[in-house]
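User: Please take a close look at one part of this model and work outward from there. I would like the strand pairing, then what packs around it and what touches the other chain.

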Amino acid sequence: MIDGQIIPYYTERNGYRMPDYHRLDLNLHLDNNKRGRFTSSWDFSLYNAYNRYNAYSIYFRESEEDPGAREAVQVTLFGIVPSVTYNISF
Amino acid sequence: MKNILLFLIFVIGLFTGCEHVVDIDLNVASPALVVEGRVIKDSLAFVKIHETSSYFQPDTQRCICNAQVLIREGDNTTDTLEQIAPGRYRSNSIRGTEGMTYYLTIVYEDESFEAQSYLPSKPLIYSLSQRSFASFGEFGDSADFDFGGGTSLDSLPWFLFTNIHDDPETEDYYMFEYYVNGEQKTGRYNVSNDENAQNDTLRYSPGPTALFYTGDTVTVRTYAIDEGLYTYFDMLSDALSSNSFFSSTPYNPVLKYQQRCARIFCRHELRL
């Protein structure tokens, strides 16, 4: 800290790794019966099925609860994302 | 309809990114020495020494109380600074003099640290001027008012400009500090070289760092600094903005004319 301003002092480049990233994607594909020249199907999907908060980025800021202290904040983009798709082929 | 609304809120909540505080296990590095040395014209030389601290607890920095601190003025006097408070050392005889180079030596735990800096001539402030925040749109330069100029845009902030004398024959470097209603505006270091000077005038603005409103009291301090200090603060400002979108990757500023010290500088102060 110099003149009341926190100045980071970096010890090494690429010295840290982001937390592990993993997720489970599920998909259920159902083919419907063929009707004439049309075939159709359903897809039911779950992206990140167990809703893990994977780190997109981590940044640092002054703590809101303890002013003067620093804290690391992880940004997460997507939790669980369900989707439904109906496909038609002809 | 209500169910659709609830569903939309649910979907938006799912797709929106979130933030939460996490524990990061940073490597514990050996503390490094941080030195702040000040030589200001007609003031006794002053040095503050402490160590780098834990990133998550910056208030825990340890002062260095048993260092030997020496300052030499040009080829003349050398003075051993006296500790006046924990980690704070002051000379009893060396005061800043224009045109002199100062050499700092610190001996601490059988290691020696050295730095040097030059005290330039006193800067001269010609004037201060202001420009309406709104003038950057349709009004153009016509809204570049002097202090006291009436405007119907009182509710908008003003940009401040400091107009100082610059010698076209020499390479000069400056640092500016801004206070609005007695509170120093921090967040970046305002330094400038004279590349953008026109004739004998350098016009400098801190930009949005020191916006002010009608009725505010603004104090400006201008310092003449040497090239090494300018380079250091310029890089430091860049490094401190490393969280912004257009910033560079984080790095430690490099010191010129210094060896293993964090910072020492001479500066010549002028208040307006």
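**Strand 3 of chain B and its surroundings**

Analyst: Start with one pair: Lys48(B) has Arg88(B), in strand 7 of chain B, as its bridge partner. Bear in mind that this is a predicted model. The two strands involved are strand 3 (residues 44-51) and strand 7 (residues 88-95) of chain B, and they run antiparallel over four bridges.

Strand 3 of chain B has another antiparallel partner. That is strand 2 (residues 33-40) of chain B, paired with strand 3 over six bridges. Within this pairing, Glu51(B) of strand 3 sits opposite Leu33(B). The two strands form a hairpin with three residues between them. Asp42(B) in that hairpin has a positive phi near 70°.

Now the packing. A core of 19 residues includes Val39(B), Ala45(B), Ile64(B) and Ile71(B). It is separate from the largest nonpolar core, which has 22 residues. In that largest core, the residues touching the most other members are Tyr174(B), Met175(B), Phe176(B), Val191(B), Ile225(B), Tyr230(B) and Phe233(B). At least two residues each come from strand 11 (158-165), strand 12 (173-180), strand 15 (201-204), strand 16 (218-225) and helix 2 (227-240) of chain B. Strand 12 gives the most, with five residues.

Helix 2 of chain B deserves a check of its own. Its 14 residues should span 20 Å at 1.5 Å a residue, and the end C-alpha atoms are 20 Å apart, so the two values agree. Its buried residues are Gly228(B), Leu229(B), Tyr230(B), Tyr232(B), Phe233(B) and Leu240(B).

Follow Phe233(B) to Val254(B). Their C-alpha atoms are separated by 9.7 Å, with the two positions 21 residues apart in chain numbering. Val254(B) belongs to the loop between helix 2 and strand 17 (258-259) of chain B. Val254(B) counts as exposed because 10 other C-beta atoms lie within 10 Å, and the cut-off for exposed is 12 or fewer.

Last, the other chain. The contact draws 27 residues from chain A and 29 residues from chain B. On the chain A side, strand 3 (57-62) and strand 4 (70-76) are the elements that give two or more residues. Strand 4 of chain A supplies the largest share, seven residues. By class, this side has 18 nonpolar, seven polar and two charged residues.

Strand pairing also crosses between the chains. Strand 4 of chain A pairs antiparallel with strand 1 (residues 18-22) of chain B over five bridges. There, Thr76(A) has Cys18(B) as its bridge partner.

Definitions and conventions:
Residues numbered from 1 in each chain as written. Chains lettered and ligands numbered in written order. Predicted model: local features only at pLDDT ≥ 70, side-chain atom pairs only at ≥ 80, totals over all residues. Contact = placed C-beta atoms within 7 Å. Nonpolar A, V, L, I, M, F, W, Y, C, P; charged D, E, K, R; others polar. Pairing = 2+ DSSP bridges. Core = buried A, V, L, I, M, F, W, Y, C linked by C-beta atoms within 7 Å. Buried ≥ 20, exposed ≤ 12 C-beta atoms within 10 Å, placed from the backbone. Expected span 1.5 Å × (residues − 1).
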